[in-house]
Amino acid sequence: ARALVEAKILENEEPALATAIAMSLSDKPVASESPSAAAAAAAAAPPSEVDRAVALLRGLSREELEKAGTLKVLSTLLGNVVKSPADDNFRKVRLADGHISRALASPGAEALLLAAGFEKAEAGDALELRGGPEVAQ
């Protein structure tokens, strides 16, 4: 999975999204794998949930993403969980928040959080990262 994410980051032109993806899905460094090997492995693998979410986001214009705040919100949400995996404040995303709901309305945004391990709360009003802090690492 790490090789797939690295390959997506190499081809991704949005640094904030690339950082968010890398932080949310990295498990450990892969020093022996070259970028070209990672790209080859990614090309051979079937599309994952991350691939589909990133493809949807990349289909939007920079203006659409900036207007909605999508990349900034994704980067912040995922970055906070990686920096402080045990902090419950960062493990729940309230969908009623106007800024967050606007950002996650962009096609692929919520799917990326779901691919990163967030789950819909039973009430449907939030996304939650369940499990212990090790889930975010």
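**Entry 1: a loop residue to start from**

I began with A86, which sits in the loop between helix 6 and strand 1. Is A86 buried or exposed? I found a relative accessibility of 55%, so A86 counts as exposed, the cut-off for that being over 50%. I then looked across to G131: its C-alpha atom and that of A86 are 9.9 Å apart, although 45 residues separate the two along the chain.

Before going further, I noted that this is a predicted model, and that is worth keeping in mind on every page.

**Entry 2: how confident is the prediction?**

I checked the pLDDT next. The protein chain has an average of 77, and 64% of its residues score at least 70. Where is confidence lowest, and where is it highest? The lowest mean, 45, belongs to helix 1, residues 2–11. Helix 7, residues 98–104, has the highest, at 94. I also saw that residues 1–10 have a pLDDT below 50, and that the model gives this stretch 22 contacts beyond near neighbours in sequence. A second stretch, residues 26–32, stays under 50 as well. For residues 26–32 I noted 6 contacts beyond four places in sequence.

**Entry 3: the elements in order**

I listed the secondary structure of the protein chain and got 8 helices and 3 strands. Reading from the N terminus, I wrote the order down as α-α-α-α-α-α-β-α-α-β-β.

Then I looked at the chain as a whole. Of its 137 residues, 39% are buried. About 7,500 Å² of the protein chain is exposed, and carbon and sulfur atoms supply 54% of that area. Among contacts with a separation of 6 or more, 70% join residues 24 or more positions apart.

**Entry 4: the nonpolar core**

I went inside next. How many residues does the largest nonpolar core have? I found 25, and those with the most contacts inside the core are L74, V93, L104, L112, L113, F118 and L127. Helix 4 (49–58), helix 6 (70–83), helix 7, helix 8 (109–115) and strand 3 (126–129) each supply at least two residues of this core. Helix 6 gives the largest share, with 6 residues.

I picked F118 for a closer look. Leaving out neighbours within four places in sequence, I found F118 in contact with L78, V81, F90, R91, V93, L113, L127, E128 and L129.

**Entry 5: the sheet**

Here I turned to the strands. In which order do the 3 strands lie in the sheet? The order is 1-3-2, in an open sheet with antiparallel pairing. Strand 1 (92–94) and strand 2 (118–120) are at the edges with a single partner strand each, so one side of each has no neighbour in the sheet. From one strand to the next, the twist averages 25°.

I followed the pairs one by one. Strand 1 and strand 3 are antiparallel, over 3 bridges. In that pairing, R94 stands opposite A126, and K92 stands opposite E128. Strand 2 and strand 3 also pair in the antiparallel sense over 3 bridges, with F118 opposite L129.

Strand 2 and strand 3 make a hairpin, and I noted 5 residues between them. G124, in the turn, has a positive phi of about 80°.

Which way do the residues of strand 3 point? A126 and E128 point one way, L127 and L129 point the other way, and all are buried.

**Entry 6: helix 8 and one more loop**

I looked up E110, a residue of helix 8. Not counting residues up to four places away in sequence, E110 touches L104, K120 and L127. L104 and L127 are familiar from the core entry, where both are listed among the residues with the most contacts inside the core. I also noted L74: from E110 to L74 the C-alpha distance is 8.9 Å, with their positions 36 residues apart in sequence.

My last stop was G59, in the loop between helix 4 and helix 5 (62–68). Its relative accessible area is 63%, so G59 is exposed. The C-alpha atom of G59 is 9.4 Å from that of G108, and the two residues are 49 apart along the chain.

Technical notes. Residues numbered from 1 in each chain as written. Predicted model: local features only at pLDDT ≥ 70, side-chain atom pairs only at ≥ 80, totals over all residues. Heavy atoms only, no water. pLDDT = per-residue confidence, 0-100. Helix = DSSP H or I, 4+ residues; strand = E, 2+ residues; numbered from the N terminus. Contact = heavy atoms within 4.5 Å. Buried < 20%, exposed > 50% of the residue type's maximum accessible area, 1.4 Å probe, protein only. Areas by Shrake-Rupley, 256 points an atom, 1.4 Å probe, with all protein chains shown as cover. Core = buried A, V, L, I, M, F, W, Y, C linked by side-chain atoms within 4.5 Å. Pairing = 2+ DSSP bridges. Axes fitted to C-alpha atoms, helices over the stretch in contact; angles between N-to-C directions.
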